[in-house]
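Open the model in your viewer and show it as a cartoon. Keep the selection panel at hand for a short tour.

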Amino acid sequence: MSHLSRQLHHSWQHVRYGGRLPDFLVIGTQKGGTTSLHQLLSMHQQVYLPAVKEVHYFTKHADESVQWYARFFADARADQWCGDITPYYLFHPYAAPRIQALLPHVPMVVLLRDPVERALSQYFMEQRRGDEPLALRDALAAEPERLRHSTTAIATPGVIDTHHMVHSYVSRSRYDEQLQHYFRFFPRTQILVLKSEQFFQDPASAWHHILTFLGIPVTPLPMTLPHANAGNNESMHVSADIRALLHTSLAPTYTWLKNEYGIEWQTIPH
């Protein structure tokens, strides 16, 4: 979008909604590096991010008005790109159509971590927070029943289902299902999919790629990439049989990402 086109678009937003709306979204995945990317983008002079990292307008606060959403970007300068970084958007089944209805042309970024490692990282995060009382094996076994009514419950805007947000370890790692759902509403060219591990291994290249995709002026990496929101390496002690179980459950995801994006992980159950 040219500078003039952006100005006209922002003026139209002000007239219709009383303020700016996001120029880009980072939609996932949880435990995939979005907090680190948020820290980098917040240091770019031509990027404006809300004071809260996760606005959740298209999920937890979908019952709020567009004017409510626009207030999060009220302090952005005219020359800045506004962003909303909420990793729950990728997993929430109703976020995609809600985004399409309001921001049909918004570019989106997805960071994908090894599916098994992501699932384990989520479990141990929720355990540290005190939101997961079950042992790992029991929590994985309980997940289908915990989430059985979630999709129906969260169809109502503003309804929050704790199990869907907190206890969705394997389900959130099914990236193939989530991306194919988004492709029902958006062309693939509108969603940049990056491997989280490459983001951390070669952050300068990933930074350049992300800024170019979003149309934001490219600047040098503003700092050494932080490993924000990292855990305590608890997953190192997970038994081989649980890892094998997770790999079997998530095999379609690994296969789909290899075929569609050439993304592979070398994680082997141990």
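Select glycine 130. It sits just after helix α6 and takes a positive phi of about 85°. Keep in mind that this is a predicted model.

Now step back along the chain and select α6 itself, residues 115-129. Does its length fit its residue count, or not? At 1.5 Å a residue, its 15 residues should span 21 Å. The end C-alpha atoms are 21 Å apart, so the two values agree.

Go to the start of α6 and show the side chain of aspartate 114. One of its side-chain oxygens reaches to within 3.0 Å of the backbone nitrogen of valine 116.

Next, colour α6 by accessibility. How many of its residues are buried? The count is 12 of 15, and the helix is mostly covered. The buried residues include Pro115, Val116, Leu120, Tyr123, Phe124 and Met125. Charged names are on the list too, among them Glu117, Arg118 and Glu126.

What covers them? Select α7 (136-146), α9 (162-166) and α10 (169-172), which are among the covering elements. Add α11, α14 (240-249) and α15 (251-261), also part of the cover.

Move to strand β4, residues 108-112. Is it buried or exposed? With 5 of its 5 residues buried, β4 is largely enclosed by the rest of the structure. In a regular strand, side chains alternate between the two faces of the sheet. Show the side chains here: Met108, Val110 and Leu112 lie on one side, Val109 and Leu111 on the other. Both faces are covered.

Now select the neighbours of β4. Strand β1, residues 24-28, pairs with it in the parallel sense over 3 bridges. Look for valine 26 opposite valine 109. Then find glycine 28, whose bridge partner in β4 is valine 110.

For the other pairing, select strand β5, residues 191-195. It runs parallel to β4, and 5 bridges join the two. Leucine 111 stands opposite leucine 194 of β5.

Zoom out to the whole sheet. It is open, has 5 strands and pairs in parallel, in the order β2-β3-β1-β4-β5. The edge strands are β2 (47-48) and β5, each pairing on one side only.

Last stop: helix α11, residues 175-182. It packs on the sheet and touches β1, β4 and β5. Its direction makes about 170° with that of β4. You have met α11 already, as part of what covers the buried residues of α6.

How values were computed. Residues numbered from 1 in each chain as written. Predicted model: local features only at pLDDT ≥ 70, side-chain atom pairs only at ≥ 80, totals over all residues. Heavy atoms only, no water. Buried < 20%, exposed > 50% of the residue type's maximum accessible area, 1.4 Å probe, protein only. Helix = DSSP H or I, 4+ residues; strand = E, 2+ residues; numbered from the N terminus. Pairing = 2+ DSSP bridges. Contact = heavy atoms within 4.5 Å. Axes fitted to C-alpha atoms, helices over the stretch in contact; angles between N-to-C directions. Expected span 1.5 Å × (residues − 1). Polar contact = N/O pair within 3.5 Å; in protein donor to acceptor, adjacent residues only side chain to side chain.
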